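Hi everyone, thanks for making time for this. I'd like to walk you through one model today, so please have the sequence and the structure open as we go.

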Amino acid sequence: MTSEAAIMLCAGQRLDAASAGATGPAALAALRQEIREELARHAVTIGYASASAGADIVFGEEILARSGELHLFLPCPRADFAAQYVAPAGADWVLRFERLLEAAAEVEISCEERLIGDDTLLRFNNQILQGMARIHAERIGTHARLLAVWSPEAPADPGSPADFMDQWPELEHLSLIDLDDLRERTGSGGNEGTGDLASGVNALAIGLSPLVVRAIFFADMATYTSFSDEQVPLLWDFLAEVQQEVEARAKAPILINTWGDAVHAAAETALDMADYATVLLDTIAATDPKAFGLEKLPRFRVALHAGPVYVGLHPLTGRSMIYGHHVNRAARIETVGTPGEAYASQYFVALLRAEMDALQHEARLLGEAYRLPYRLEYVGKLQLPKNFGHEALYRILPAAENPD
């Protein structure tokens, strides 16, 4: 019996330097057959994965063998990824990695930071994989399924297959390939079987991560220069009134800074940040500027992004701050937004979608109703300034605006 999923994600434990030479061809052939059967069982035509040596690459090869569409997400730049997560398994795996990337429909680098092996980057990459697969599945009218290739003895370290399973809410949409069971069935033992696929998990991790994943908000008042100096105090009064309403309706960001007409904030979840941004924009639009002596309404461009960032104190002001590539990218997204709207990166919407789906699934298990609070409207890939390349952007809109 076929259970159509169409889209499948793979979370596979990787081969490392210690295990690659000991993993026999019979075990890898058996793993390939298991993956092939799972893809056929669920009529999979679209695959999402990273590309570590081992199950990830085998999964990608099998997607392509089915003439499927393969989407690859790497937690760090391509050369760094190959050096750390592919090359230790041998030159043949590097060649297969390069061929896979050339044949993939999409290759995304989720983090530009060069903290290779950092488990925060690995977990974030898994979160992006999950969210983008969910968005893709909704677009084509199906659901996403997770294939976890793991060893029960392996720890659930951040970024590992076990950790991915812990973040996956729908057990009914989960497939498992047990590497220990596969080793026993192929007659491999000791250091000769697929159990060694798990032996090096997180062996390259650098320890305690200096990074945390944050949802990031950047806003700039597009109409600020149109206000005269005499009107600026009135404008601050207007914004003070707006802020009181926002505080009553949305969870406050864990960090917020301002300079001039710009606002920068951070939250622990994309849902909290989406709530804050939409409430802010709605409140500004609903507040009468004439009540404050202003002739026109101030309008903000709002950018929403997410990613691993550094957290610290500003050396001059002593105030809390976040910094890093993803903060800079959020600032670049703000410049291409439309006043009065919230533009979000694909990384932000990936986290948002995964968070909303998890809450909806939890509510379903409890017999409660939960309607997704937001819908995501794709804008397109826009060019960002200052050599930041292109970014796939979405509008974050209340679900109430969905047509009946």
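**A charge over a ring**

Let's start with one side-chain detail: Arg 134 places its charged end over the ring of Trp 168, 4.4 Å from the ring's centre. There is another arrangement of this kind, where the charged end of Lys 296 sits over the ring of Phe 227, at 5.7 Å from its centre.

Before going further, please keep in mind that this is a predicted model. The average pLDDT over the protein is 87, and 89% of the residues score at least 70. Where is confidence lowest, and where is it highest? The low end is helix α1, residues 17-20, with a mean of 56, while the high end is strand β2, residues 46-49, at 98. One stretch deserves a flag: over residues 190-207 the pLDDT is below 50, and that stretch still has 55 contacts in the model beyond near neighbours in sequence.

Now the overall picture. The protein has 12 helices and 14 strands. Of its 404 residues, 56% are buried. If you take the contacts with a separation of 6 or more, 76% of them come from residues 24 or more positions apart.

Let's go back to the neighbourhood of that arginine and look at helix α6, residues 119-140. Does its length come out bent or straight? Well, let's just do the sum: its 22 residues, at 1.5 Å a residue, should span 32 Å, and the C-alpha atoms at its ends are 32 Å apart, which agrees. Helix α6 is mostly covered, with 17 of its 22 residues buried. Just after α6 comes Gly 141, which takes a positive phi of about 75°.

Helix α6 also helps to cover helix α4, residues 78-85. Which residues of α4 are buried? They are Asp 80, Phe 81, Ala 82 and Tyr 85. Among the elements covering them are β3 (69-74), α5 (91-103) and α6. Two of those names come back in an aromatic cluster, which is made up of Phe 81, Tyr 85 and Phe 97.

That brings us to the aromatic pairs, and the count for those is nine. Take Phe 238 and Phe 292, an edge-to-face pair with 5.6 Å from centre to centre and 80° between the planes. Phe 238 belongs to helix α9 (residues 232-249) and Phe 292 to the loop between α10 (270-286) and β10 (300-313), so this pair ties together parts that are 54 residues apart in sequence. Phe 238 and Phe 292 are both buried.

Tyr 310 and Tyr 323 make a stacked pair, at 5.3 Å centre to centre with 15° between the planes. Here Tyr 310 is in strand β10 and Tyr 323 in strand β11 (residues 320-323), so the parts being tied together are 13 residues apart in sequence. Are these two tyrosines buried or exposed? Tyr 310 is partly exposed, at a relative accessible area of 23%, and Tyr 323 is partly exposed as well, at 40%.

Next, please find strand β9, residues 262-267. All six of its six residues are buried. Both faces are covered: Ala 262, His 264 and Ala 266 lie on one side, with Val 263, Ala 265 and Ala 267 on the other.

Which strands pair with β9? Strand β7 (residues 211-221) runs antiparallel to β9 and is joined to it by six bridges, with Ala 215 standing opposite Ala 267. Strand β8 (residues 255-259) is antiparallel to β9 too, with five bridges between them, and here Ile 256 stands opposite Ala 265. β8 and β9 form a hairpin with two residues between them, and Gly 260 in that turn has a positive phi of about 60°.

I'll end with one residue on β7, namely Asp 220. Its relative accessible area is 16%, so Asp 220 counts as buried. What is Asp 220 in contact with, leaving aside its neighbours within four places in sequence? The list is Asp 261, Ala 262, Arg 299, Phe 300, Arg 301 and Glu 334. Asp 220 and Val 302 are 82 residues apart in sequence, yet their C-alpha atoms are 6.8 Å apart in space.

That's my tour, and thanks for listening!

Key: Residues are numbered from 1 along each chain as its sequence is written. Side-chain values use heavy atoms; hydrogens and water are left out. pLDDT is the predictor's confidence in each residue, from 0 to 100. Helices (H or I, at least four residues) and strands (E, at least two) are DSSP runs, numbered from the N terminus. Contact means heavy atoms within 4.5 Å. Buried means under 20% relative accessible area, exposed over 50%, partly exposed in between (1.4 Å probe, protein chains only). Two strands pair if DSSP finds at least two bridges between them. Rings of Phe, Tyr and Trp (its six-membered ring) pair if their centres lie within 6.5 Å; planes under 30 degrees apart count as stacked, over 60 as edge-to-face and the rest as tilted. A charge sits over a ring if NZ of Lys or CZ of Arg is within 6 Å of the ring centre and within 35 degrees of the ring normal. The expected span of a helix is 1.5 Å times one less than its number of residues.
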